[in-house]
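Please work through the exercises below with the sequence and the coordinates open beside you. Each task is followed by a solution that proceeds step by step.

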Amino acid sequence: MADSKKGAAWADAEIEKKPQIRNALEYREELERLWVAGLPSGDKTGWPSVDKHYTIVPGQLSIVTGWPSSGKSEWLDALMINLYRQSWKFAVFSAENMPVETHLAKLLEKLSLKPFGTGPHERISQGDIGEYLDEMSSAFRFISPRNDLISLPQIAAAAEKWLVADDGRHGGIIIDPWNELDHWRDRTFSETEYIGQSLSFIRNWARANKIHVWIVAHPAKQRRDDSGKLPVPTPDMISGSQHFWNKADCAVAVYRDLSDLGSRRVDIYVQKIRFKHVGYPGMISLAYDRVTGTYSEPKQAQLYAVAKDGE
């Protein structure tokens with residue numbers, strides 16, 4: 001007989017809490033403060049053209065998608081560094097960038113605007129490594145599973161105490177990618193049910209703790225068009241469930257024309273914004289510098305330029 005209390009693996013570990021119920025008048029003080037201050041847009045992304053469409057608000061869930069080699073992890077790292085410069089702090093689970101020292105090398109490139117490895121360009125000095133790490137130590141924590149897979153609630157539990165510390169800084173969690181998490185579920189629980197409940201859990205956790213959560217999720221396999229190009233992915237293309245679109249506060253696709261690998265052009269598609277004071281959907285083109293892993297507002301001539309070796 002099927003278990004009538006079907007649920008995800010983490011459900012048993014949750015402490016039962018009664019929902020809060022309040023009269024509308026009890027919100028008057030908060031509402032009047034909001035009236036005086038105005039509905040807040042989020043913090044800047046570091047790219048003015050992106051800021052028109054997407055700003056970063058604590059307590060929201062962003063889904064980031066894109067085809068392999070499109071640069072979604074690189075772009076998210078660059079966004080993280082831009083927010084770090086605005087006093088944000090982060091807990092990072094990035095299976096795409098293991099081991100952690102490799103990920104740190106990429107982040108140091110974005111901070112220093114110099115390559116980490118040897119080549120035709122001046123690289124980060126050995127002395128600079130210690131200085132940058134000392135600077136970053138107050139803002140970054142990296143989450144790694146000990147011996148096995150790691151679940152979404154385990155990531156939230158590992159990050160919560162540090163991120164919600166009352167130090168005046170906004171906090172964020174990076175989960176990259178979704179398919180590297182432990183997704184065990186009871187056999188009576190469908191994949192769609194599991195994904196919906198899991199995303200509701202992390203979104204509610206983000207709201208309660210005023211933490212912004214980014215989840216990178218890969219789209220399912222799609223056919224190329226007659227010219228060999230893949231379509232721009234959308235959250236409903238992500239393998240497993242339409243919930244990646246439904247549950248997100250913000251949804252972003254990072255798109256690169258993989259038929260022209262020499263191009264520096266990367267398109268950022270802001271596909272969903274739940275609250276209009278945060279931004280609005282649209283497409284923005286940025287220029288990618290593969291030497292330092294950074295993105296910039298391009299001049300039109302630079303945007304379509306083909307990168308030469310070593311540039």
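**Exercise 1. Which residue forms a salt bridge with D257, and where do the two partners lie?**

Step 1. In this predicted model, D257 forms a salt bridge with K229, and the closest N and O atoms are 3.6 Å apart. That distance qualifies because the cut-off for a salt bridge is 4 Å between a side-chain nitrogen of Lys or Arg and a carboxyl oxygen of Asp or Glu.

Step 2. The pair links distant parts of the chain, with D257 in the loop between β6 (250–255) and β7, and K229 in the loop between β5 (211–216) and α8 (243–246), 28 residues apart.

Step 3. D257 counts as partly exposed at 23% relative accessibility, and K229 is likewise partly exposed, with a relative accessible area of 35%.

**Exercise 2. Find the network of salt bridges that includes E74, and state whether E74 is buried or exposed.**

Step 1. The structure holds 12 salt bridges, and one of them joins K106 to E74, with 3.6 Å between the closest N and O atoms. This pair, too, links distant parts of the chain: K106 belongs to helix α4 (residues 100–112) and E74 to helix α3 (residues 72–84), 32 residues apart.

Step 2. E74 is buried, because its relative accessible area is 15% and the cut-off for buried is under 20%; K106, with 22%, is partly exposed.

Step 3. Salt bridges that share partners join E74, K106 and K110 into one network.

Step 4. For a further example, take the side chains of E122 and K114, which meet in a salt bridge of 3.3 Å, N to O. Here E122 is exposed, with a relative accessible area of 59%, whereas K114 is partly exposed at 24%.

**Exercise 3. Describe the surroundings of D267, beginning with its strand and its accessibility.**

Step 1. D267 lies in strand β7 (residues 265–273), and at 8% relative accessibility D267 counts as buried.

Step 2. The side chain of D267 makes a polar contact of 2.8 Å with the side chain of R265, and another, of 2.6 Å, with the side chain of S285.

Step 3. Leaving aside neighbours within four places in sequence, D267 is in contact with A253, V254, Y255, M283, I284 and S285.

Step 4. Strand β7 runs antiparallel to strand β8 (residues 282–289), and six bridges join the two; within this pairing, I268 stands opposite I284 in β8.

**Exercise 4. Follow the sheet onward from β8: how many bridges join β8 to β9, and how many residues lie between the two strands?**

Step 1. Three bridges join β8 to strand β9 (residues 294–296), and the two strands run antiparallel. Y288 stands opposite Y295 in β9.

Step 2. β8 and β9 form a hairpin with four residues between them, and in the turn G293 has a positive phi of about 70°.

**Exercise 5. Assess how well helix α1 is covered, and identify the nonpolar patch to which L34 contributes.**

Step 1. Helix α1 comprises residues 28–37, L34 among them, and is hardly covered, since the count of buried residues among its 10 residues is zero.

Step 2. L34 itself is partly exposed, with a relative accessible area of 33%. Together with L31 and L39, L34 makes a nonpolar surface patch of about 290 Å².

Step 3. After α1 comes G38, whose phi is positive, near 90°.

Technical notes: Residues numbered from 1 in each chain as written. Predicted model: local features only at pLDDT ≥ 70, side-chain atom pairs only at ≥ 80, totals over all residues. Heavy atoms only, no water. Patch = residues over 30% accessible without salt bridge, like charges linked within 9 Å, V, L, I, M, F, W, Y side chains within 5 Å. Areas by Shrake-Rupley, 256 points an atom, 1.4 Å probe, with all protein chains shown as cover. Buried < 20%, exposed > 50% of the residue type's maximum accessible area, 1.4 Å probe, protein only. Polar contact = N/O pair within 3.5 Å; in protein donor to acceptor, adjacent residues only side chain to side chain. Contact = heavy atoms within 4.5 Å. Pairing = 2+ DSSP bridges.
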